[in-house]
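Visitor: I am new to this structure and would like a close look at one part of it. Could you take the charged pairs as the way in, and then show me what lies around them?

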There are 2 protein chains.
Amino acid sequence: MNTVLQDPSSVSTNLDIMHRQILDGIIIKPEWVKYTSSWTEEDKARLVFAWHRLSAWPDVVQGLAELKKHKIVVALSNGNMRLLVDMAKHANLPWDAVFSTELFNTYKPNPKAYLETIRLLGTTPEKCALVAAHMWDDRAAKAVGLKTIYIPRPDEDFEVPTGQIVKTKAEGGIVDFVVSSFGDLAKLVEENH
Amino acid sequence: MNTVLQDPSSVSTNLDIMHRQILDGIIIKPEWVKYTSSWTEEDKARLVFAWHRLSAWPDVVQGLAELKKHKIVVALSNGNMRLLVDMAKHANLPWDAVFSTELFNTYKPNPKAYLETIRLLGTTPEKCALVAAHMWDDRAAKAVGLKTIYIPRPDEDFEVPTGQIVKTKAEGGIVDFVVSSFGDLAKLVEENH
């Protein structure tokens, strides 16, 4: 993502297209070409579109449904709109709305992505929280004034080895809350409602 | 809407703001001022935000749920994003995604509204249908190549007096299908699936 911020014009802001560009760059490398030279267009498309058919972590569907009773729950993702719509349909994610950074012609962690979403929701950063499994995402959200919630997911965050405890602000860290699931987050919101 | 297309810079593309501007223009007229001069800021805001708390027609929630089994179902509305999110939450509308023309800095029937939505969905006009209760909306959608479906709603369409039959293309009209409810539309899609 640093490359994107340094030179946004160097990449497409449609993640499907970027995924394909990355794949095309990998499969022509000498160490891969013996496996990939026989791949058809369909094989490559199927790999790129695997992102559209991801499964949710087991706590997500029920947890989001609980959270939605109290809050507006939206996705804000670097995935393109169609990817997110397909993903939500495939995994049955009950988002209130879908915001792709494609709408804003950028990628997170560009502050614009967070601020434009908040503007379109007719609200202010301090009334919103970003829930993320990546510290870079929470850090960028914090920088523009959002509350930040971290949910650890195994092998998801290159900054946080699986099993390492992430500290909250109260414990000297940077995020407001760490929760283990969307169900726990819904309970936390319910208790503070 | 014609005024908007002639001079888009004359109005806000946030419908809440435009509704408020229209309200402010009405309530200072001599025939209204005796009723409205005592209105507080809260009274005016409550009127503007009534759009966020609309009820759905009785066929909509179940009909959309059926339709969603076969198709991607999105809103494309002149309402601003927050209005649409609130409306969906209030009326329990299970849209796969919400597209406000606010995202494209215009209003329907500007062709850009339809075409940008189709682009973001990674598809083409001929694979999409617009479902509308206003002929002006279907007419604009047809002009950019979408299929068109009309659902009559009493007192909704200034071009079509309540009870007047709208003709399909097969009958010499301009829309592809006329259906009486989202349930009927879901059945039509299921039969042609």
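Guide: In this predicted model, a good place to begin is chain B, where B:Lys169 and B:Asp176 form a salt bridge whose closest N and O atoms are 3.1 Å apart. Neither end of this pair needs a long description: B:Lys169 is partly exposed, with a relative accessible area of 36%, and B:Asp176 also counts as partly exposed, at 23% relative accessibility. Elsewhere, in chain A, salt bridges that share partners draw A:Arg20, A:Asp24 and A:Glu41 into one network.

These belong to a wider set, since a search of the whole structure, over all chains, finds 28 salt bridges. One of them is in chain A, where the side chains of A:Arg139 and A:Glu159 meet at 2.5 Å, N to O. Because A:Arg139 lies in helix α8 (residues 135-143) of chain A, while A:Glu159 lies in the loop between β4 (147-150) and β5 (177-178) of that chain, the pair ties together parts that are 20 residues apart in sequence. A:Arg139 counts as partly exposed at 40% relative accessibility, and A:Glu159 counts as partly exposed at 29%.

In chain B, the side chains of B:Lys108 and B:Asp137 meet in a salt bridge as well, at 2.8 Å from N to O. Here B:Lys108 is in the loop between β2 (97-100) and α7 (111-120) of chain B and B:Asp137 is in helix α8 (residues 135-143) of chain B, so this pair ties together parts that are 29 residues apart in sequence. Are the two ends of this bridge buried or exposed? B:Lys108 counts as buried, because its relative accessibility is 5% and the limit for buried is under 20%; B:Asp137, likewise at 5%, counts as buried.

From the charged pairs we can turn to the strands. In chain A, strand β3 (residues 129-132) has a covered face, made by A:Leu130 and A:Ala132, and an uncovered one, made by A:Ala129 and A:Val131. Four bridges join β3(A) to β4(A), and the two run parallel; within this pairing, A:Ala132 stands opposite A:Tyr150 in β4(A). The chain passes from β3(A) through α8(A) to β4(A), and this β-α-β crossover is right-handed.

In chain B, three strands form an open sheet in the order β3-β4-β5, with parallel pairing. The strands β3 (129-132) and β5 (177-178) of chain B stand at the edges with a single partner strand each, so one side of each is left without a neighbour in the sheet. Strand β4 (residues 147-150) of chain B is joined to β5(B) by two bridges, again running parallel, and B:Tyr150 stands opposite B:Val178 in β5(B).

A last stop is A:Asp96, in the loop between α6 (81-91) and β2 (97-100) of chain A. A:Asp96 is buried, with a relative accessible area of 9%, and its side chain is joined to that of A:Lys68 by a polar contact of 3.4 Å. Leaving aside residues up to four places away in sequence, A:Asp96 touches residues of both chains, including A:Lys71, A:Ile72, B:Val85 and B:Lys89.

Beside these polar details there is a nonpolar core, the largest, of 83 residues, in which A:Trp95, A:Phe99, B:Trp95, B:Phe99 and B:Tyr114 touch the most other members. With the same allowance for sequence neighbours, B:Trp95 touches B:Leu64, B:Lys68, B:Val73, B:Ala75, B:Leu84 and B:Ala88.

Methods. Residues are numbered from 1 along each chain as its sequence is written. Chains are lettered from A and ligands numbered from 1 in the order in which they are written. This is a predicted model: local features need pLDDT of at least 70, side-chain atom pairs count only at pLDDT 80 or more; totals for chains, interfaces and linings use all residues. Side-chain values use heavy atoms; hydrogens and water are left out. A nonpolar core is a set of buried Ala, Val, Leu, Ile, Met, Phe, Trp, Tyr and Cys residues joined through side-chain atoms within 4.5 Å. Buried means under 20% relative accessible area, exposed over 50%, partly exposed in between (1.4 Å probe, protein chains only). Contact means heavy atoms within 4.5 Å. A polar contact is a pair of N or O atoms within 3.5 Å; within protein, one must be able to donate a hydrogen and the other to accept it, and residues adjacent in sequence count only if both atoms are side-chain atoms. A salt bridge is a side-chain nitrogen of Lys or Arg within 4 Å of a carboxyl oxygen of Asp or Glu. Two strands pair if DSSP finds at least two bridges between them. A crossover is right-handed if, with the strands pointing away from the viewer, the path from the first strand over the helix to the second runs clockwise.
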